[in-house]
Amino acid sequence: MKKGKKIGIIAGVLLVAALIVTFFSFANYYKTRFQQNTVIDGVDYSGRTPEEADGMRRRQDMNYHLRILGREGSEAVLSAEQLGMTVSYSRTMSDILTEQDPYAWIGACFNGHLYTLERTVTYDPEVLAASLEGIGFLQKENMRKAQDAYIGDFDEEAGRYVITAERPGTELSMEKVLEAAGTAILNEQPEVDLDAAGCYLTADITSEDVALNAELAHLNRFQDSVINLQFGEEVETLDFSVFHDWLTYEGQDAIVDEGLLTEYLKSLAENYDTYGKKELFTTVDGYVMELPKGRYGWKLDIDTEKETLVEEILSGEETTREPAFTVRAARWGEDDIGDYYAEVDMTAQKVYVVDHGQIIFTSDCVTGNMSNGNATPPGIFGVTYRQTNAILRGDNYASFVNYWMPFNGNIGFHDATWRSRFGGDIYRTNGSHGCINMPKARARELFNMIYQNCPVICYYIDDSYIVSYPDGVTPTAAPMMAPEPTPEPVIIAEPEPTLTPEPLPTAVPVLPDETSVSDNTVPADPSLLPVLTPVPEGVVSDPSIAVPDVTQEVPLADL
């Protein structure tokens, strides 16, 4: 019993001794090492010496890298060492260890030690600058300047000038790059976006630039000018998209380039003018002829249009109108003769007036003398004007006529009271100087039926003009006439007429009104017209033409 008790006492003593030894051994151990559950700034340093903890912490600090992001996918990564980065703390590991009671190590196993230190991050600007200089996209020669906003070429889709926005470049302010990188280091950010940080140099002139927008408004100030030119059913629109490059500026004044405007008008004339071209015409007998046009057809008045269009372009307003013409036809289209016209069959020596396919007037006539080269030229013409009581003068004659209706220069319809016969073959050897001679009564009727610019179609039944023949007629059966003869000598009417009278708004004829007075635009009763006063001696429209004395006797035949 005693022996067992003794053994128990010895065992207890040994256990206590062992515990004491263990306790003091751990206490001695924790004099140089951190106790269990020692967490500093979130890292467990249990059992680590201050030196080991310093090494761990330094390795963690030096594991920092800064990713630098640039435009167009460029980037680079710099280590903490390349950044010249250093980190300091408010307490050292040794300081923390001295705060731990090594004899309280048992309690640490249950409660632990939590430490939060103040970190101070610094970097060496010279080291950072040197490292940045080694990055390719940060080198000056690899940078591209930003492009200023500017007013580009005319925008066809927009129909106006527009500002082309500024374009970002890749040129950087290295001062700002250093500042942004330094801020990222101090805040231990993993990356820095140089674009977001505002390190890139911007354009000097942006889309919002006041002066640039003022210039844009100046260039576009005529964009509301729209001129719609009506050519029959066709409309040509002259707007800013067409005339923008015709404009030049001298200060606030805009100048229209008349050369370019003229080219534009010439292109319109080429498309729409019918004056001087050939046209198919079907005669009363069914012949289809291709005849040249004389003073007839649509002819754009380019000079007048230039003046008008310059004003309209600079007006800033929309206009719709018909252009000015020096010569007009009866209507628009391929057949601009229309449905009302005078027709002269110089082979049959007949004058007709046709209204919508119906012959409403017929007369015999005598045309230009074929035997002496005064044959009346074929073609399509328009009545220049109408006049009563006129004296027709030539090189060796001055003849009074009651009704004078020129249509081809000085060739026209008139009565020939000195003739007793008309029609037949008279014109071959005893014809006129080129005019269409008619009986007085028939000339008066014609005078009342035609109007200024009324179409007049003169032709010979000649194979050289015929395109197709009536049924039952063959080319060999068609009478053949000489090709275009020369016109008669110049004839002047008294008083001298306006050579190019203002054309009618339309070519639709107005039939006779017995109470009207001729104004050269509608038919009229010539008996109601005033007698015209002769031109004073020596007054002529063409200085090259001598005017004989009105009172002298001159032969009246051959007119």
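# Notebook: strands, sheets and a pocket

I began with strand β23 (residues 379–382), which four bridges join to β28, the two running antiparallel. I took strands as DSSP runs of E with at least two residues, and helices as runs of H or I with at least four residues, numbered from the N terminus. Two strands pair if DSSP finds at least two bridges between them. I looked up one partner: I380 is bridged to I457 in β28.

I noted the ground rules. This is a predicted model, where local features need pLDDT of at least 70, side-chain atom pairs count only at pLDDT 80 or more, and totals for chains, interfaces and linings use all residues. Residues are numbered from 1 along each chain as its sequence is written, and side-chain values use heavy atoms, with hydrogens and water left out.

**More on β28**

I turned to the other partner, strand β20 (residues 340–345). Four bridges join β20 to β28, and these two run parallel. Here A342 has V456 as its bridge partner.

Is β28 buried or exposed? Five of the five residues of β28 (455–459) are buried, so the strand is largely enclosed by the rest of the structure. Buried means under 20% relative accessible area, exposed over 50%, and partly exposed in between, with a 1.4 Å probe and protein chains only. I checked both faces: P455, I457 and Y459 cover one side, V456 and C458 the other.

**A strand with two unlike faces**

I compared β18 (residues 318–321). T319 and R321 point to one face and are buried. E318 and T320 point to the other face and are not buried. Four bridges join β18 to strand β11 (residues 226–231), in parallel. I found V226 bridged to E318.

**A sheet of three**

I followed the order β15-β16-β29 in an open, antiparallel sheet of three strands. β15 (278–282) and β29 (466–468) stand at the edges with a single partner strand each, so one side of each has no neighbour in the sheet. Neighbouring strands are turned by 35° against each other on average, direction ignored. For such angles, axes are lines fitted to C-alpha atoms, for helices over the stretch in contact, and angles run from 0 to 180 degrees between N-to-C directions. Two bridges join β16 (residues 288–292) to β29. One partner pair is M289 and I466.

**The second largest pocket**

Which strand gives the most to the lining of this pocket? I found that β15 does, with five residues. The lining includes K278, F281, E334 and Y341. By type I counted four nonpolar, two polar and five charged residues. The space comes to about 170 Å³. A pocket here is an open set of points on a 1 Å grid over the protein atoms alone, where a 1.4 Å probe fits, with protein on both sides within 12 Å along at least five of seven lines; lining residues have an atom within 4 Å of a point.

**A sheet of four and a helix**

I traced β24-β25-β26-β27, an open sheet of four strands with mixed pairing. β24 (387–393) and β27 (436–438) are its edge strands. The twist averages 45° from one strand to the next. Six bridges join β24 to β25 (residues 398–408), antiparallel. I saw R393 opposite A398. Helix α13 (residues 440–449) lies across the four strands β24, β25, β26 and β27, at about 40° to β25.

**Whole protein**

I closed with totals: 13 helices and 29 strands. Of 559 residues, 45% count as buried.

Key:
Points joined across faces, edges and corners; volume = space filled by probe spheres on them. Nonpolar A, V, L, I, M, F, W, Y, C, P; charged D, E, K, R; others polar. Contact = heavy atoms within 4.5 Å.
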